[in-house]
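Reader: I should like to learn how to read a structure of this kind. May we go through it feature by feature?

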Amino acid sequence: MRFDDMISTALAGAEQPTQWCQLVDLLAQRRAGDGEARARAFASLRANRDRVDLATRVATARSLAGLPVAPALLAFFAEDVPAVSAPLIGSARLGRDDWLALLPRLGPTGRSLLRHRRDLPAEVRQALAAFGPTDFVIEGSVETAGATGGESQIRELVERIEAYRRQKGEAPAPAPAPAAEPVEGFRWETGSDGVIRWVEGAPRGPLVGEGIAAIAGPGQYGVDGQAAGALAKRAPFRDARFAVAGIGPAAGEWRISGVPFFDPVRGGFLGYRGTARRPRVDETARAEPGGGVFGAQFQPDALRQLIHELRTPLNAIIGFAEMIEGQYLGPAASGYRGRAAEIMDQARRLLSAVDDLDTAARIETDRLELDPGAVDAGALVARLHHSYAQLAEERGAMLRLEIAPELPPARLPPDTAERIFARLLAATTGLARSGETLGATLGATISSKEALLEFAIDRPEAVAGLGEAELLDPGFSPEGDWPEAPALGLGFALRLVRNLAGAAGGALRIGESRIRLLLPALTEAAPLAGNGEAGG
């Protein structure tokens, strides 16, 4: 099928999230094609963006991070909220002219994210500096460029960028400034948006305009999830990571602590005040990354490229099957609709396995970003139990679940929580034999003064006597009939659950008779319930 025909077909159902994602995948490919077809595709993406939930848009952007992306597609994602645009802006690889043409379309937030990059051409860095007076405007100031001729200033900046593009020779580099003593600490203050607006004890240039609202990705400058999560909850934080770009005295790694402050009269949130210090030696040590994903021979970056190549045809298959099953293109016989439904189900299972591979690659390369969140683990596990109890019943087995009352929420994103519980239930319930009963409990416990949710489930007889090392071997999967088994094997699924739980601040522990999943809890949201059955 021609590339333009693929775009036209995807446009037929672009209001559906799956088709929207398929359009993005198609436009991400640098293929030749009709400019009009691409223009219609971008117009459809913009028209239907609000119909696609934020989590899907974020996942779509992250799937393209680190891959060659067309400038037009990068500009499209830059129009979205920072959570969507940041992964691409922080990793896109463009030429000098493409960057210079793109800068005016990014907006202050996008350009602020781009300033974290260390690998931009000199002309692009100069052009970014030209936007500084506009991007670092403090809201409400009567002396801002927005209040006094802002449009003319922006027009002048655009003209300066065009001049850079027309410039053929290399501009002489400015003479280096004398080396300054490094700064060991400073005080700072942000506005209600989390952007630093005041600094004492360090040069203001590299720090004013930086923010604590967005999590910096791997290899980027900014803050970690602790500071961003605290801002979302208006809570204090301590010793969060903060990386500052440049080579000046304020550049490098910091540990920052801050507390929110509020309007004493109206009570409104005004921002954060805090301090920064250099990290201790024990806070900067990092383990060397392994060779391949989960000890396999697949290199993470090469695997992620393969994953991207797989997503496009899988999304296309799912989209076409949805159109047949839903009769979007006209009436279809029941037999065709049934077959389309089967194809759609199988393709979705394969796409889920592809997503698991992508997650594993991100974990191995320290690129997994878990946004702050909270999820009702009791409701989630109860919903999943209904599906997996039916699966066990079809095999003549039983799955019994006990959930303690009044459990606090789990402290992790809902999509990550669902993946963890679903993979663990699939990896255990699917192994249950006829006449076997698996018991599971969900309760709360405390470990080292930290509140945790504990989900414990019996080990199936099929894996009795196997040690933890064997069960966590990525290549291990039991012999025999195993319906609804994880597509990548039992060992891979358990290791994925363990690593996801660890990234969220929890753990997976395999005992002789039970498998225990521990996840961090939000105790301020609800009282702790009694401890659930722990088991071996």
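Author: The discussion below goes from the whole chain to single helices and then to single residues.

Reader: What is the mean pLDDT of the chain, and what share of its residues reach 70 or more?

Author: This is a predicted model, and confidence is therefore the first thing to consult. The mean pLDDT of the chain is 75, and 72% of the residues reach 70 or more. Over residues 285-291 the pLDDT falls below 50, and that stretch has four contacts in the model beyond near neighbours in sequence. Residues 525-536 also have a pLDDT below 50, but there the model has 40 contacts beyond near neighbours in sequence.

Reader: How many helices and strands does the chain have?

Author: There are 17 helices and eleven strands. Of the 536 residues, 48% count as buried. Among contacts with a separation of 6 or more, 63% join residues that are 24 or more positions apart.

Reader: How many of the 14 residues of H17 are buried, and what follows from that?

Author: Burial is judged by relative accessible area, with buried meaning under 20%. In H17, eleven of the 14 residues are buried, so this helix is largely enclosed by the rest of the structure. The buried residues include Leu 490, Phe 492, Leu 496 and Val 497, and also Arg 495 and Asn 499.

Reader: What span should the 14 residues of H17 have, and how far apart are its end C-alpha atoms?

Author: At 1.5 Å a residue, H17 should span 20 Å, and its end C-alpha atoms are 20 Å apart, which agrees. Just after H17, Gly 505 takes a positive phi of about 95°.

Reader: Which residues of H2 are buried?

Author: They are Thr 18, Gln 19, Trp 20, Cys 21, Gln 22, Leu 23, Val 24, Asp 25, Leu 26, Leu 27 and Ala 28. Because eleven of its twelve residues are buried, H2 is largely enclosed by the rest of the structure. The twelve residues of H2, which are residues 17-28, should span 16 Å, and the end C-alpha atoms are 17 Å apart, which agrees.

Reader: How are the axes of H15 and H17 placed with respect to one another?

Author: A pair of helices may be described by the distance between the axes, the crossing angle and the residues in contact. The axes of H15 (residues 414-429) and H17 (residues 490-503) come within 9 Å and cross at roughly 150°. H15 passes H17 in a left-handed crossing. On the H15 side, the contact is made by Thr 416, Arg 419, Ile 420, Arg 423, Leu 424 and Ala 427. On the H17 side, Leu 490, Ala 493, Leu 494, Val 497, Leu 500 and Ala 501 take part. By class, this contact has nine nonpolar, one polar and two charged residues.

Reader: Why might residues three or four places apart along a helix point the same way?

Author: An α-helix has 3.6 residues a turn, so residues at that spacing point the same way.

Reader: Which residues does Leu 384 contact, beyond its neighbours within four places in sequence?

Author: Leu 384 lies in helix H14 (residues 377-394). Its contacts, leaving those neighbours aside, are Glu 418, Phe 421, Ala 422 and Leu 425. Leu 384 and Phe 421 are 37 residues apart in sequence, while their C-alpha atoms are 8.0 Å apart in space. With a relative accessible area of 8%, Leu 384 is buried.

Reader: Is Thr 190 buried or exposed?

Author: Thr 190 counts as buried, because its relative accessibility is 3%. This residue is in strand E1 (residues 185-190). Not counting residues up to four places away, Thr 190 touches Val 195, Ile 196, Arg 197, Ile 212, Phe 261, Leu 270, Gly 271 and Tyr 272.

Reader: Where is Pro 409 found?

Author: Pro 409 is in the loop between strand E7 (398-403) and H15. At 19% relative accessibility, Pro 409 counts as buried. The C-alpha atoms of Pro 409 and Gly 373, which are 36 residues apart along the chain, are separated by 9.4 Å.

Reader: What sign does phi have in most residues other than glycine?

Author: Most such residues have a negative phi. Arg 234, although not a glycine, has a positive phi of about 55°. Arg 234 is in the loop between helix H11 (225-233) and strand E4 (237-244), and at 37% relative accessibility this residue counts as partly exposed. Asp 239 is not a glycine either, and has a positive phi of about 60°. Asp 239 lies in strand E4 and is partly exposed, with a relative accessible area of 26%.

Methods. Residues numbered from 1 in each chain as written. Predicted model: local features only at pLDDT ≥ 70, side-chain atom pairs only at ≥ 80, totals over all residues. Heavy atoms only, no water. Axes fitted to C-alpha atoms, helices over the stretch in contact; angles between N-to-C directions. Helix = DSSP H or I, 4+ residues; strand = E, 2+ residues; numbered from the N terminus. Left-handed = near helix turned anticlockwise from the far one by under 90°. Contact = heavy atoms within 4.5 Å. Nonpolar A, V, L, I, M, F, W, Y, C, P; charged D, E, K, R; others polar. pLDDT = per-residue confidence, 0-100. Expected span 1.5 Å × (residues − 1). Buried < 20%, exposed > 50% of the residue type's maximum accessible area, 1.4 Å probe, protein only.
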